[in-house]
Amino acid sequence: MGEIDHEKLVQSESELSHQKGFLKTLVQTLPDLVWLKDPDGVYLACNQRFEEFFGATEAEIVGKTDYDFLDPELVDFFREYDRKAMMKGAPSVNEEKITFASDGHEELLETTKTPMFDMDGKLIGVLGIGHNITEHRKSQEIIQQSELKFRSLVQTMSEGVALHEMVYDSQGHAIDYRILDVNTAFEQLIGIRADTAAGQLASELYDITPPPYLNEYTNVVSTGESLQFETYYPPLQRFFDISAFSPGPGQFATVFLDITERKQSEDALRASEKEFRQLVQNLQAGVVVHGPDSQILLANEQASIILGLSVEQMKGKVAIDPVWNFVREDGTVMPLEEYPVQRVLDTHQPIRGLMIGVDHPARKDRVWVLVSAFPELDADGQLLHAIITFTDITAQKLADQNLRKLSQAVEQSPESIVITNLDTEIEYVNEAFIKAAGYSREEAIGQNPRILNSGKTLQKTYTEMWGKLTQGESWSGEFINQRKDGSEYIEFAIISPLRQPGGSITHYVAVKEDITEKKRLVKELEDHRHHLEDLVEIRTRALAIARQQADAANEAKSAFIANTSHEIRTPMNAIIGMTHLALNTELDDVQANYISKAHSSANALLSLLNDILDLSKIEADKLELERVDFNIREVLNSNLSIIKTSAVERGISLSTDIASDIPEHLLGDPSRLGQVLLNLLSNALKFSSEGDEVSVTVSLQEKNEQDYVLNFSVKDTGIGISSKEQKKLFQPFSQADSSTTRKYGGTGLGLIISKKIVEAMGGEIGIESEPGVGSNFHFFVRLDKQLEDSKTEKGLSRKAVIDVADAREKLKGARLLLVEDNEVNQELASIILSMNGIDTEVASNGQEALKILARESFDGVLMDCQMPVMDGYEATRRIRAQEQFRDLPVIAQTANAMKGDKEKTLDAGMNDHITKPISPDAMLITLAKWIKPVRNGSNQ
């Protein structure tokens, strides 16, 4: 008996173990979350689905509480419902939204918590089952939203809608129907309010027995087939289009539309069709309609633009027309059977979102389009049309290609590129990073960039970097990093936050360049730079000394030329002056010939001296131009008058032509302009012979608000110059050839001086010449406009106001003090002044002049500048120091003709200056500008 009991016990235990195993397997395979806790919330068991929630195994969960895995706030929520179930002693149901630790997804659970009791009724824990109702809830919400939308749609429909239920007699025959609900359009079309219609029998509502269309509606309810018909409803005298269908057993719904105006609206319909065509034409998408034979029947303008053919060109073409070449998205040729229109023709099925490329016949490029194709079928299912719509996505395609290129550029960039998340965990590194750092991509992903930290980058660098990044700004700087193999390298990095479209920062990107070699080269260059700076400093000092020596040499040269000029001009003054006086006396022919030649030679020597001085000024860059008001016609006439006598004597004709649009007065340097003209005129005269012509033409080339550009041309019909010899012109001491110098004389300085003067006036000079035909020297200069209220000192035209005759008349009876140390020049000046009615007292130096002025009265002083004992500058300063001589005219006469000589005389207090050798006429005109004879008394 005992053995039997034992066998039964073993068998029972085996069965129990089997059942427990089966139950455990069943629980583990359930799609619901299943768990068991003791009254204190300690987990006793759970299934595999629950393990996914905590992201831990059952062994890791058992013996622990929710606080070990979840936020305290959520745990308190769970425990509250655990206690409710235990206190209630019965299952408790609630909804919980949880996040699975395994993959982070969320689910909405319907949780049932049931208290568990042992055989004695003692509470041993709470059994929880969580059923995923996420999709169910979504479906409910969708259904509710759908119902709301449907009801809202029905209420807003323009068609009348009514829901009915059939009413049957005891035999099951339909005898009436009851209105259950109607929409707003029903009220408007039938004229019965919804609250009146709802619940009413149709026979009573419409006062018709049987109610309208009972048989038709009965058939719809019994067969479940929909019905559509048109009818005339006499009570309302309206035509209706009625559709009926059965939404459920014993019910039918009607949708009806007032079509009374249909016949009258045929014209409107045609207009509507026209508007529809216009709408199609104005669509941003291309639209092409094919017939069953694939011929194009209709196309809009957008299709024409995209496909590259006009609408008329497209009509009648078929899909396989050779004008088009279609390609797949991967660029391979698309076969005919894959053409969208062909697929619709073959299958009668729509196509959506197909990307194809079309070779544009006009632009000879490829257009990418997104195509949809739809069949239009008749009632029998026969294809009427294939409607193809497409939009140009070429820009999007190119953008995608550019994005791929950008991705490739990042990957193939020579700079290391690292992207981290906000926790500074590396999510991406490019190939350059792998080569620079020595870490593989797998080793770097998930790591902190600190793996490169060598410990030698200053902490200040990291502080500044994070200060910028946390403010959403970019940072740039240098790191001393360490490769995987322990070697160090220097990187220049630019780190920037990456922002999403909403502005939130999600990542950091670092672009880094290995500048180790650059740093080494910079250091070497810096060392070389310091060495070069030392060399430059030494060389600079040497150059400064050399420049000082050169400046000193130039000063000595200028002083020598000035002194030489003075020493030459002083005797030249006497020679030219005395020969001038002699020529005005009674001479026989031989004497007149000798003295005339001496006078002419002296003037030639003076011209040479002036050229040498001008060249010296040009070489020393000391050529200065005046800016005075002058009359261009007077300048030209004045210089023509100088050569006129010689031209007449040699039988050479002179002519001038000045354009009428050139103004009378301009601002510039008339003396230098006249010097150029006289030089070119003298040359033209020199190289012409009897019967030749010399002409001067002046024209206006350009004018604006500030200045004029004048063109000058000096032409002659003389010997001319070959092209080879023209290249030597405008060079110092150069003429056409040496024989020219021997035959015609001259130093060759005139043209180079003229060239420099013209260039200083903002112009250029050139020549056109042919041997035996003649030459044309032409140049242009830029001259300022004269201002109406200009206070600028007037030049030649002011000087021309007083001619020599006026000057003589004005100066008669004047008494001048002549201060001159050279006896010959004393005599010369005294004679010239005396011949013109001017009384003269002579002083040999400045000191004598002061003594004479102290005891005698004079109308003015003619003061030499360089004299022994006291020069003219000091004497003038002492004269001006005395109040009674403040307005006494003092005119300088100087043999100095270098730059600054005139300014020096004016600074000393002199009124004007006359340059030696003295021209009697020029001296008289200058004196007349300042001297006012006081014939009846003192000028002191």
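The following legends describe close-up views of a predicted model. Local features require pLDDT of at least 70 and side-chain atom pairs pLDDT 80 or more, whereas totals for chains, interfaces and linings use all residues. Residues are numbered from 1 along each chain as its sequence is written, and side-chain values use heavy atoms, with hydrogens and water left out.

**View 1. Buried and exposed faces of helix α28 (residues 846-855).** Helices (H or I, at least four residues) and strands (E, at least two) are DSSP runs numbered from the N terminus. Gly-846, Ala-849, Leu-850, Ile-852 and Leu-853 of α28 are buried (buried, under 20% relative accessible area; exposed, over 50%; partly exposed, in between; 1.4 Å probe, protein chains only). Down the axis of α28, these buried residues fall within an arc of 165°, so they line one face of the helix; the arc is that of the directions from the helix axis to the C-beta atoms. Lys-851, Ala-854 and Arg-855 are exposed on the face turned away from the buried side. At the start of the helix, a side-chain oxygen of Asn-845 comes within 3.0 Å of the backbone nitrogen of Gln-847.

**View 2. Packing of α28 against its neighbours, including α29.** The buried residues of α28 pack against β29 (815-819), β30 (839-843), β31 (860-864) and α29 (872-880), where contact means heavy atoms within 4.5 Å. The axes of α28 and α29, fitted to C-alpha atoms over the stretch in contact, with angles from 0 to 180 degrees between N-to-C directions, come within 9 Å and cross at roughly 25°. That makes the two helices roughly parallel (angles under 35 degrees). Gly-846, Leu-850 and Leu-853 in α28 meet Ala-875, Arg-878 and Ile-879 in α29.

**View 3. Surroundings of Ser-496 in strand β20 (residues 488-499).** Ser-496 is buried, its relative accessible area being 18%. Its side chain makes a polar contact with the side chain of Ser-474 at 2.8 Å (a pair of N or O atoms within 3.5 Å; within protein, one must be able to donate a hydrogen and the other to accept it, and residues adjacent in sequence count only if both atoms are side-chain atoms). Leaving aside residues up to four places away in sequence, Ser-496 touches Leu-469, Ser-474, His-507, Tyr-508 and Val-509.

**View 4. Backbone geometry at Pro-210, in the loop between α8 (202-206) and α9 (214-223).** The peptide bond from Thr-209 to Pro-210 is cis, with omega near -10°.

**View 5. Positive phi at Gln-237 and His-348.** Gln-237, in the loop between β8 (227-233) and β9 (238-245), has phi near 55° and is exposed at 58% relative accessibility. His-348, in the loop between α13 (340-347) and β14 (351-360), has phi of about 60° and is partly exposed at 28%.

Note on methods. Angles under 35 degrees count as roughly parallel, over 145 as roughly antiparallel, 65 to 115 as roughly perpendicular and the rest as oblique.
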